[in-house]
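Please open the model in your viewer and keep the selection tool at hand. The stops below proceed from one selection to the next.

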Amino acid sequence: MGHKRMPGLTLRGNVWHINKKINGQRIYESTGTSSLEQAEKYLVFRLETIRQAAVYGVRPKRTFREAAVKFVQENSHKASLYDDIGTIKKLDPFIGKLSLEAVHMGSLQTFIQARKQQGVKTRTINYGLQLVRHILNLAAGEWLDEFGLTWLASAPKIKLLPEMDKRKPYPLNWEEQERLFNELPLHLKRMALFAVNTGCRDTEICSLKWSWEVPILGLDYSVFIIPKEIVKNREDRLVVLNRIAKSVIDDARGQHPEYVFTFKGKPLTRMLRSAWKKARIRANLQQVRVHDLKHTFGRRLRAAGVCFEDRQDLLGHKSERITTHYSAAELANLLEAANKVCAGQSGPVLVMLKNVNGSRVMRFSAGGKLV
């Protein structure tokens, strides 16, 4: 007589799945195995786990991997989700299989040491630690299971590492900009030129859509309003187009029905790709990051005498003002300020020098001469 299968198991493809009503709730999940014997053992384990939670309030054991999957599913709107997923993939070999209770500074040491041996900056390691801390806090404070229990009783304290190797911004001078941009392929050159003339971040540029363009009534001019879901500080961001940024937009117009910047008919997820890395090596500017284009725009605005409030608005920094509500006169003032950083514009010139220690210093005068 053959073995009688436990009720509640269904074979889908080559994998057994649980489909069973327990205590008034439907449990539907994969056992992860094609073996009926292993599937039945897993079903018995799940039944006992549910009984322990319902009768005694014992939390089911959940892995960090399960928590990470839930985090990704709940944050599809997050502007930095692509980076978060990449970080989770780096964390998974070290803590993915661990129960949430077993994730703490002690169990994270192997991840920290491995990343250090790979030459990763402390700031990048801290980003991973912050993500772990955030997921554990959600598991302990917000995520409730079907029994009303949080996924984790309490979140451990995750300490960040001191950033002794923190890299300073590297704003480009005009000669460095020309050298780098000449090495970039056309699609990245357009994006870089837009970045250095608007101060937009990588994600904002890659996500930029034509539907975000807003014409200004009474002026032969338009701006872009980037929705807060894409912006790091979670505020709608005004993008003012100076002469160069406008020429980039006009050049891209009509090439794609939805996205402003594309490559081979598709939008990019980030500018920091192999083409960017190879270009900066050829230009002997290996230290330049995509984010340094934003720093370059900010430094040039300051060198041109643009006031702090206008620099905040042009760079999309968080402020107490409603930075998407402007009169035509105010927009004209911001446009004038943005145009002060266009190449060939007369006025202050930002100059970079190296001192005897090899560190970079800025010196400029109102007439563009060294002081």
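**A polar pair, then the cores**

Begin by selecting Glu204 and Arg237: their side chains make a polar contact at 2.9 Å. The model in view is a predicted one. Glu204 lies in helix α8, residues 202-207. Is Glu204 buried or exposed? Its relative accessible area is 2%, under the 20% limit, so Glu204 is buried. Extend the selection to what Glu204 touches beyond four places in sequence: Ile226, Ile230, Val231 and, again, Arg237.

Next, display the largest nonpolar core, which has 53 residues. Within this core, Phe194, Leu208, Phe224, Met271, Trp276 and Leu293 touch the most other members. Helix α7, residues 186-198, supplies the largest share of the core, with six residues.

Now centre the view on Trp276. Setting aside neighbours within four places in sequence, the contacts of Trp276 include Leu180, Leu184, Leu188 and Ala192. Also in contact with Trp276 are Met271, Val288, Arg289, Val290 and Leu293. A second core, separate from the one just shown, has 28 residues, among them Leu131, Val132, Ala139 and Ile158.

Select helix α5, residues 122-141, for the next stop. What should its 20 residues span at 1.5 Å a residue? The expected value is 28 Å, and the end C-alpha atoms are 28 Å apart, so the two agree. Colour the buried residues of α5: Thr122, Ile125, Asn126, Gly128, Leu129, Leu131, Val132, Ile135, Leu136, Leu138, Ala139 and Ala140. Then show α2 (64-74), α3 (81-95) and α4 (109-117), which are included in what covers these buried residues.

Remain with α3 and pick Pro93, which is located in that helix. Pro93 has a relative accessible area of 64%, over the 50% limit, and is therefore exposed. Draw a distance from the C-alpha atom of Pro93 to that of Phe111: the separation is 8.6 Å, although these positions lie 18 residues apart in chain numbering.

Finish with two cysteines. Cys200 is buried, at 3% relative accessibility, and Cys342 is buried as well, with a relative accessible area of 2%. A disulfide is a covalent bond between the sulfur atoms of two cysteines. How many disulfides does the structure hold? The count is zero.

Note on methods: Residues numbered from 1 in each chain as written. Predicted model: local features only at pLDDT ≥ 70, side-chain atom pairs only at ≥ 80, totals over all residues. Heavy atoms only, no water. Helix = DSSP H or I, 4+ residues; strand = E, 2+ residues; numbered from the N terminus. Expected span 1.5 Å × (residues − 1). Buried < 20%, exposed > 50% of the residue type's maximum accessible area, 1.4 Å probe, protein only. Contact = heavy atoms within 4.5 Å. Polar contact = N/O pair within 3.5 Å; in protein donor to acceptor, adjacent residues only side chain to side chain. Disulfide = S-S within 2.5 Å. Core = buried A, V, L, I, M, F, W, Y, C linked by side-chain atoms within 4.5 Å.
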